[in-house]
Amino acid sequence: MSLKSMIWNGLLVAALCLAVFLLHRIFQQYSLDQIVQSVRSIPFSTFCMALPFATGSYLCLSCFDVLAIRSLGKSLPYSRIALASFISLSLGHNIGFAGLSSGAFRYRFYSRWGLTAEDVAKIILFCGVTVGLGLITLGGLAMIVNPGDAGRLLRIDPASVRIVGLLALVVPGVYAGLAFFIRGTLRLWRWSFQLPRFSIAVAQVGVGTINFMLVAACLHQMLSAFGDVAFFRSVTAYVLANSAILATHVPGGLGVLEATVSYVVPKEASIGALIAFRCAYFFIPLVLGTTLLVISEVVFRRTSRGANEEADERAEAQSV
């Protein structure tokens, strides 16, 4: 076994162990009685209605990779992209430092399908930009529609919050404008940035915003089980919480998500709502992603072994 294979196998085992640890850590801070009682307080129909929003978010995240690969001028079947994206992000969301952690899994898959390390690095950067565009766009909308909650957390008056929201919406507009007019490499001092085509840039803004709206809708379903909360209050809570999570890189946003959401919607942000949201958006995808990772590794190994055996047989036949 080569050194590279040993390193990757070690990383795979470490990732699986970390996934199991995270499953334990996510629920360690709650007693069993708290978990059972809080989850029981969520109507099963409400929980089931939240799952399509979580599913839609992960589908949007796979579109991030699709757009990134298209911007590179490459082509891969969507089924492969969706598999790599879901496994990478279902684990990356829980591990923390999602760009790096999910990037390692992305490289594991995409390198098998002909992409280079440079290609994968560009995909990670592209997806990071898409995340930023989506978060800024939805955050700007939330500040305009619901300035009160954001102002209370940021300690500024609602009028100033709306101004900040309008300025935030300028960012995606400028990004799309640069992609339309420059159509190539943007140079700023010693740095250079390869801009995507205008259509891809617009798609980045759209799919990035829709992704966060779907996650916020998933959270809104859970919060609504404990009170009448406006949708954009849930949006504000999630945007602010996700911004804090990205800033702290806490694995799974443990504690950060709960603290921020509880501050914005203190009455509705019960332990039941937050645990149910974690189950729908973090726990279930983590279990599915870990399972798919194991299955894909087994399939890839068998396929690789079969290809090697076939190549050896051909070599022997030619030598005879």
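**View 1. Arg108, at 13% relative accessibility, counts as buried.** Buried here means under 20% relative accessible area, exposed means over 50%, and partly exposed is in between, with a 1.4 Å probe and protein chains only. What you see is a predicted model, with residues numbered from 1 along each chain as its sequence is written. Local features need pLDDT of at least 70, side-chain atom pairs count only at pLDDT 80 or more, and totals for chains, interfaces and linings use all residues, while side-chain values use heavy atoms and leave out hydrogens and water. Now, who is the salt-bridge partner of Arg108? It's Glu297, and the closest N and O atoms of the two sit 2.8 Å apart. This pair joins distant parts of the chain, as Glu297 is in helix H12 (residues 271-319) and Arg108 is in helix H5, 189 residues apart. A salt bridge means a side-chain nitrogen of Lys or Arg within 4 Å of a carboxyl oxygen of Asp or Glu. Helices are DSSP runs of H or I, at least four residues, numbered from the N terminus. Glu297 is buried too, with 3% relative accessibility. Look around for Arg112 as well: along with Arg108 and Glu297, Arg112 belongs to a network of salt bridges.

**View 2. Arg106 pairs up with Asp65 in a salt bridge.** Their closest N and O atoms are 3.0 Å apart. Here again the link spans distant parts of the chain: Arg106 belongs to helix H5 (residues 98-110) and Asp65 to helix H3 (residues 44-71), with their positions 41 residues apart. Are these two residues buried or exposed? Arg106 counts as buried at 3% relative accessibility, and Asp65 is buried with a relative accessible area of 0%. As background, oppositely charged side chains can pair when their charged atoms come close.

**View 3. Lys122 and Glu118 form a salt bridge inside one helix.** The closest N and O atoms of this pair are 3.4 Å apart. Both residues lie in helix H6 (residues 117-145), four residues apart, and that's about one turn of the helix. Lys122 is partly exposed, at 42% relative accessible area, whereas Glu118 counts as exposed at 53%. How many salt bridges does the count come to? The answer is five.

**View 4. A nonpolar patch on the surface brings together Phe180, Phe181, Ile182, Phe198 and Val202.** Together these residues have about 460 Å² of accessible area, worked out by the Shrake-Rupley method with a 1.4 Å probe, with only the protein chains shown counting as cover for residues. To join a patch, a residue needs over 30% relative accessible area and no salt bridge; nonpolar side chains (Val, Leu, Ile, Met, Phe, Trp, Tyr) are then joined within 5 Å, and like charges within 9 Å. Which helices chip in? Helix H8 (158-181) and helix H9 (198-224) each provide at least two of the patch residues. Phe198 sits in helix H9 and is partly exposed, at 37% relative accessible area.

**View 5. Asn211 is tucked into helix H9 as a buried residue.** Its relative accessibility comes to 2%. The side chain of Asn211 makes a polar contact with the side chain of Ser57, at 2.6 Å. For a polar contact, a pair of N or O atoms must be within 3.5 Å; within protein, one must be able to donate a hydrogen and the other to accept it, and residues adjacent in sequence count only if both atoms are side-chain atoms. Leaving aside residues up to four places away in sequence, Asn211 touches Ser57, Cys60, Leu61, Phe64 and Tyr281, where contact means heavy atoms within 4.5 Å.

**View 6. Cys60 has no disulfide partner in Cys63.** Why not? The sulfur of Cys60 is 5.9 Å from its closest cysteine sulfur, in Cys63, so the gap is too far for a bond. A disulfide calls for a pair of cysteine sulfur atoms within 2.5 Å, and a search of the whole structure finds zero. Cys60 is buried, with 10% relative accessible area.

**View 7. Leu219 is another resident of helix H9.** At 0% relative accessibility, Leu219 counts as buried. Not counting residues up to four places away in sequence, Leu219 touches Ser234, Tyr238, Val261, Leu274 and Phe277. The C-alpha atoms of Leu219 and Ala54 are separated by 9.2 Å, though the two residues are 165 apart along the chain.
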